[in-house]
Amino acid sequence: MTAPERFDAIIIGTGQGGKPLAGALARAGWKTAIIEREEKVGGTCVVVGCTPTKTMIASARVAYLVRRAAEYGINTGPISVDQTVVRKRKRDIVEMFSSGSKRGMEKLEYNELIMGEASFAGPHEIEVRLNTGGTRRLTSDKIVINVGARPRAPDIPGLASVPYLNSTTVMELGIVPEHLLVLGGGFIGLEFGQLFRRLGARVTITEMADRLARKEDPDVSEELEKIFREDGIEVVLNSTAQRVARANGAIQLTVGGPGGERTLEGSHVLVSVGRTPNSDSLNVAAAGIEVKPNGLIPVNERLETNVAGVYAIGDVNGGPPFTHISYDDFRILRDNFLHGANATTTGRLVPYAVFIDPQLARVGLTEVQARTEGLNIKVAKMPMSHVARALEVDETRGFMKAVIDADTGRILGCTVFGIEGGELMSMLEIAMLGKVPYAVLRDAIYAHPTLAEAFNNLFAKLDS
């Protein structure tokens, strides 16, 4: 057997951590191999996650605004949704992003994009089953695993016998479902539930917990449920899936709860109950890499596995499953590999935004977390109906809330559940990063009329 090809670095997966890392290393003169088994490059975010979902959510928001046109004094006729056009727009944008990423990787002098499925043949040796046939064996002292995760299929009696949808396949529908049953009230289920409701489907969301978005403060969950019910979405809480069946051309989902069993009937069912790491195809045992029973690969604060020189970044390492966290993983490895830094994940803020409408965005501690930790806090809270700009554009649902250290005046965390919540949350995150006391934001001059000037009134409430 011929000796494996040697590289300075091997990266498995072209996601939002792997792709920029390959580029940075190649530009620094490292001979780098990046391996991708799927047809398109870009990982979950570009191919089946952020990019396509937010593209479809934009189409759904247009339908929502057109239906509300009369509230703004604009008269329209009946509207219809051409789901094939919605789907094509989504596909076109994904293709544009993915093909652009592929061209960028292919033109780098020291980077080789290898299309195939990678698995370990030893601690620092990779075998690639090429998509075009045949295999290649590669070796490197530095291997980075960036394989992401896929939708999880729960073990529910009868589920395998019905044509159920997941977060990937639901975006390939050529029609709007008559009645979409959403199994799971997490962030993905919430986004798709509202999206298809706005496109014209009846939607029922079932959730095992006693509230939606259970990791948020209870007042956030309460407002979220209220908004979804206003939008005509049925929310069934405290419900555990018992079985799934087909009957009379429909899909029947039986759930159990405190009141007994209930059978829901719909035209389609979307299973949205979490994701499974793609570590199971890597043959990690050949490398001696530790893997948890759930498939996650544990790493230290420098993103290194238990095998020296082998790293895991992005969703597969069990960190918060957000694209921007994967990208920050890339920056940590880039700085450590190329600049001899000692960058770690310790203490990093984890912001996120859920692209329901209005947006739900948070960074830092919730009120419940802060009180559980016994911190001395003050809480500023204000409904979006008290924000002039929100009133002017008639987008007043939700609220903003900030948790303040009562001793230092610094912001410990915030939730913005309202129009452009992600952008407003990001402003407060910048203040947190700079350790800026809330009083500075309270007294700042903001352009009028902007959403940001709401911070004047929000933080003034702490001193009233």
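In the predicted model, Ile 11 of strand β2 has Val 144 as its bridge partner in strand β7. Strand β7 comprises residues 143–145 and pairs with β2 in the parallel sense, over three bridges. A second partner of β2 is strand β3 (residues 32–36), which runs parallel to β2 and is joined to it by four bridges. Here Ile 11 stands opposite Ile 34. Ile 11 thus has a bridge partner in β7 and a residue opposite it in β3.

Strand β2 spans residues 9–12 and is covered on both faces. Ala 9 and Ile 11 lie on one side, Ile 10 and Ile 12 on the other, and all four are buried. In a regular strand, side chains alternate between the two faces of the sheet. The connection from β2 to β3 involves helix α1 (residues 18–27), and the three elements make a right-handed β-α-β unit.

The loop between β2 and α1 contains Gly 13. With a relative accessible area of 7%, Gly 13 falls under the 20% limit and therefore counts as buried. Beyond residues up to four places away in sequence, Gly 13 touches Gly 18, Lys 19, Ile 34, Ile 35, Glu 36 and Asn 146. The C-alpha atom of Gly 13 is separated by 9.1 Å from that of Glu 38, a residue 25 positions away along the chain.

A separate description applies to the open sheet formed by five strands in the order β18-β19-β22-β21-β20, with antiparallel pairing. Strands β18 (352–354) and β20 (377–383) each have a single partner strand and stand at the edges, so one side of each is without a neighbour in the sheet. From one strand to the next, the twist averages 10°. At the β18 edge, the pairing with strand β19 (residues 359–364) is antiparallel and includes three bridges. Tyr 352 has Arg 362 of β19 as its bridge partner.

The protein chain as a whole has twelve helices and 22 strands. Its radius of gyration is 24 Å, which agrees with the value near 23 Å that a compact globule of 464 residues would have. The C-alpha trace spans about 75 × 65 × 45 Å along its principal axes. Of the 464 residues, 50% count as buried. Among contacts with a separation of 6 or more, 63% are between residues 24 or more positions apart. The protein chain exposes about 20800 Å², of which carbon and sulfur atoms supply 51%.

Key:
Residues are numbered from 1 along each chain as its sequence is written. This is a predicted model: local features need pLDDT of at least 70, side-chain atom pairs count only at pLDDT 80 or more; totals for chains, interfaces and linings use all residues. Side-chain values use heavy atoms; hydrogens and water are left out. Buried means under 20% relative accessible area, exposed over 50%, partly exposed in between (1.4 Å probe, protein chains only). Helices (H or I, at least four residues) and strands (E, at least two) are DSSP runs, numbered from the N terminus. Two strands pair if DSSP finds at least two bridges between them. A crossover is right-handed if, with the strands pointing away from the viewer, the path from the first strand over the helix to the second runs clockwise. Contact means heavy atoms within 4.5 Å. Axes are lines fitted to C-alpha atoms, for helices over the stretch in contact, and angles run from 0 to 180 degrees between N-to-C directions. The radius of gyration is taken over C-alpha atoms; the globule rule is 2.2 Å times the number of residues to the power 0.38. Accessible areas come from the Shrake-Rupley method with a 1.4 Å probe; for residues, only the protein chains shown count as cover.
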